[in-house]
Amino acid sequence: MASGLPLRHPAQGFNASQQLIKSDRGGMITTSDDNVMMKQIVGTHAPDGREVDVKPLLHLVEDILKRATLQIDTSLTTSQAHAELEDKTHQINFVSMIDALTYTIDRISCEIAYKALSGTDAHATTLSIFNMLTSYSWDAKLVLTLAAFALNYGEFWLLAQIYSSNQLAKSMAILKQLPNIMEHSGTLKPRFQAINNLINIMMDVARCVVEFKDLPSSYISNEVPALSTAMAHIPTAVYWTLRSVVACAVQITGLTTMGLEFSVSTTEVWELSTLAHKLNNILEHLRKQLAACYHHIDEKRNVETFQMLKNLFEMIHVDNMKVLRALIYAKDDIQPLIDGSSKKRVHLDVLRRKNVLLLISGLDILNDELSILEQIYNESRHHGARLDSQYELVWVPIMDHSVQWSDTVNEKFKSMQFSMPWFTVYHPTVIEKPVIRFIKEVWHYRNKPILVVLDPQGKLVCPNALHMMWIWGSNAFPFTSSREESLWREETWRLELLVNGIDPVILNWIKEGKYIFLYGGDDIEWVRKFTNNARAVAQAARIPLEMVYVGKSSKREKTRRLMATITAEKLSYIWEDLTMIWFFWTRIESMLYSKIQLGKLDDHDPMMQEIKKLLSYDREGGWAVLSNGSNVVVNGHSTTILPTLVEYELWKDQVPVKGFDLALEDHHKTIHGISHPCCRFDFPMTMGRIPETMKCPECNRAMEKFSTFLCCHDEVIPDVLFQ
C-alpha cells in the first residue's frame, strides 16, 4: 500500500474500537485508575514557554466541523467567528501561524489515523498525542489535536458532499467506500448523530478552555479559588477531549476501511454517548468555575470603575463630557440618549458645557411628579433664550440588573420615555452596575426620584435639586446648594410659601386682603364642625373669610371621597385636581428635606418649626392654618383650632381691644397649653438622608425615634370595613 501503513486484517479496526469500549464501560475507568492515568498525562507536560494564539485556528476548526456534518444534524453551535478570517490583517497573521503549526497538525493527523488502523488502545493513542505535544500549553494541545481531527473528518465529508458531481472526488470516494456508506446512511444515522453530538461537546470544551486562557491577569490570578480549581481540572478536560477525538476517528476510519461490516455492532453508539456524558459533566464543572471567574473579574472591574467615578468628581475638568461619559455611556458605538422633542437618538455631545440635571428614578416614578416637573420644565423653555440654554434635563432610569426585562416592563418604560419632553437614556441597561452603586452610595439614591445637578464642567453642585425645584421651580436656577441657601434667606413664614405656583385663586384672595383658612384631614364630621364654626365666627366678627380644603399627604382615595362630600354639602372651596393636593404636600415635605440636605435643620428657626408642625398635624388628624392676607395668624391641630372657634364667645370681647388676629391667637395658645397634641414625623427609608435627632416643634424636647412598618390599603379596602 502506498500509504506506508502496515498491512493488517480489516477486523483490526473493529477490535480497536472494541478495546476502547471494554476499557471505558461502566464510568469509563475507575477513580484510582483515573488518578494514575492523569499523573501519567501531567507527566508529559513540559511547556517551553512558547505562546500560541489558538483562537484563529479554533475558529477555522469550528468552520470545518460546522460544514462537515451529515444533514441529519446541522445545529453545531459556532460563534460565527470564522467570519473574522475575512479581515485581511487577520489573514496575514493567521497564515504565518498556520505555517508554523502545519507540520505538528499533520503529524497528529497521521498518528491518529495510524493508531486507528493498527488497533492501538485508545488511551495509548491519546498518550502518544500528548507525548508529541509535550512543549505546548494545555489549550494549544487541545486545539492542535482538534485541527488534526478536522483535517481527516473534513476530508471525509468533503468527498461525501461533492463526489456525485465531481469525477475526481468520485474516484477517491470509491476508494473510501463512501457511495456504499451514503446509500445506507439511514441505518448509520444513530452513529452519525452520536458523533455529531460528541463533536459539539468537544468544541464547547475547547472554547471553554480557551476562555480560561484569555482571562485578564490584571483582574484574576491563580489565588482565586474558581480559577485554581479550573486550572486543576483542565488537564482532565483536555485528556477526555483528545480521547473523544480518538473515538470519533476510530468510527470514521472503521467505516472507510471496513464499510458496512463495521456497522453491525450498536456498541459504538453507546461508547460515543458515554464519552459525551463524561465530557459534558466536565464541561458543566468548568463552566461553573468560568462563571465564578467572570463574576470575580466583574466585581474587581466594578470596584475600579466605582473608585474612578469618585475620583472623577474630585477633579477639575474643562467641560462635562468626561463625567457624563463615565455616568451614562463611555463608548462611541451607539447614541445613548433620546431627544424628548424629536424622539431621535443623539450623542452625549448635545449636553456639552451645559448645566445638566439628572433625573434619577425607577419606573415607579409618580405621574403627579412627572406632570408637575413637565410643567416647570416647559415654563422654563417659554422664557426664551435666557433660560432655554441654561439647563438640560436627562432621565436616567435605574433598574436592578437581576430583574428580568419582560415585555410588560419594556412597554411601561417605552411609554414613560415617550411622554417625557426632555432627554432620556436610551435603555436602562446602558447604565452600568458600578454607576448604579455610585448613585446609591454617594448620591444616596433609595428608589425615590432625585435630581442631581452638574455644572457645565461636570462638577456636582447639588446632590438633589428636586426639593428646590418643587418649592421654587425654575427660579431656583442654577440649582446649586448656595442658590438654595440664598432662596431660604429670602423666605418668611407666609401663606405664599405654602401655595405659590399651585392655585392663582388663593393668590388673588391674598391680594384682596381676605382671611383664608387652609385646612386638611380625613374626618368628615370634624370638617363639617370646623367649616360651620369658622363661617359663624367670620360672620360674627365681620371678616371676609375663604376656606380651601387641601386634603392629606396620604389616603388619596379617601380624600377623593371626602372632597365629593364637601362639594355636595358646599362646605368650602376645594382643589378638584388631586395633583394639586399632591404638589401641595410634596412642597411642604420638600421644605423639610431641603433643610435636612443643607444641614440647616435649625430647631430655633420659627419658619421651620411651623412647617414641621404642619407635617406632624397631617400625620395626626386634622389641622388648619389661618392667614390674614399673606400673614399667617395661627397654625393649629384639629384638637386646638376647632375649640378655639367653638369658644368664640369667650374671646370675642378681646377683638376690639387686640384685634381679631391677636385675640384668636392668644385664645388658641391657651387651649394649646392644655391640649398638647402629639408630634410625629415619618421619614421613608427611600429618602436617603434621615436626621439622627429631631426636636419637637411644640415643646422643643428631643423626640423619640421608632422604626415603623406601614402598609396602606387605601386604594382597595372600603372604609366601611373599619367602621
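Two strands are taken to pair if DSSP finds at least two bridges between them. On that basis, the predicted model contains an open sheet of 7 strands. The strand order is β2-β1-β5-β4-β3-β6-β7, and the pairing is mixed. Strands β2 (345-346) and β7 (460-462) form the edges, each pairing on one side only. Strands of a sheet pair through backbone hydrogen bonds, either parallel or antiparallel.

At one edge, β7 pairs with β6 (residues 450-454). The sense is antiparallel, and the pairing extends over 2 bridges. Within this pairing, L454 stands opposite L460 of β7. Elsewhere in the sheet, helix α13 (residues 367-381) lies across two strands, β3 (355-361) and β4 (391-397). Helix α13 runs at about 155 degrees to β4.

Helix α3 covers residues 55-67. Its 13 residues should span 18 Å at 1.5 Å a residue, and the end C-alpha atoms are 18 Å apart, so the expected and modelled spans agree. The buried residues of α3 are P56, L57, L58, H59, V61, E62, D63 and L65.

Another site examined was V633, which is located in strand β12 (residues 631-637). The relative accessible area of V633 is 10%. Buried means under 20%, so V633 is buried. Not counting residues up to four places away in sequence, V633 touches L626, S627 and N628, as well as D661, L664 and E665. F517 lies 116 residues from V633 along the chain, and the C-alpha atoms of the two are separated by 9.9 Å.

Conventions
Residues are numbered from 1 along each chain as its sequence is written. This is a predicted model: local features need pLDDT of at least 70, side-chain atom pairs count only at pLDDT 80 or more; totals for chains, interfaces and linings use all residues. Side-chain values use heavy atoms; hydrogens and water are left out. Helices (H or I, at least four residues) and strands (E, at least two) are DSSP runs, numbered from the N terminus. Buried means under 20% relative accessible area, exposed over 50%, partly exposed in between (1.4 Å probe, protein chains only). Contact means heavy atoms within 4.5 Å. Axes are lines fitted to C-alpha atoms, for helices over the stretch in contact, and angles run from 0 to 180 degrees between N-to-C directions. The expected span of a helix is 1.5 Å times one less than its number of residues.
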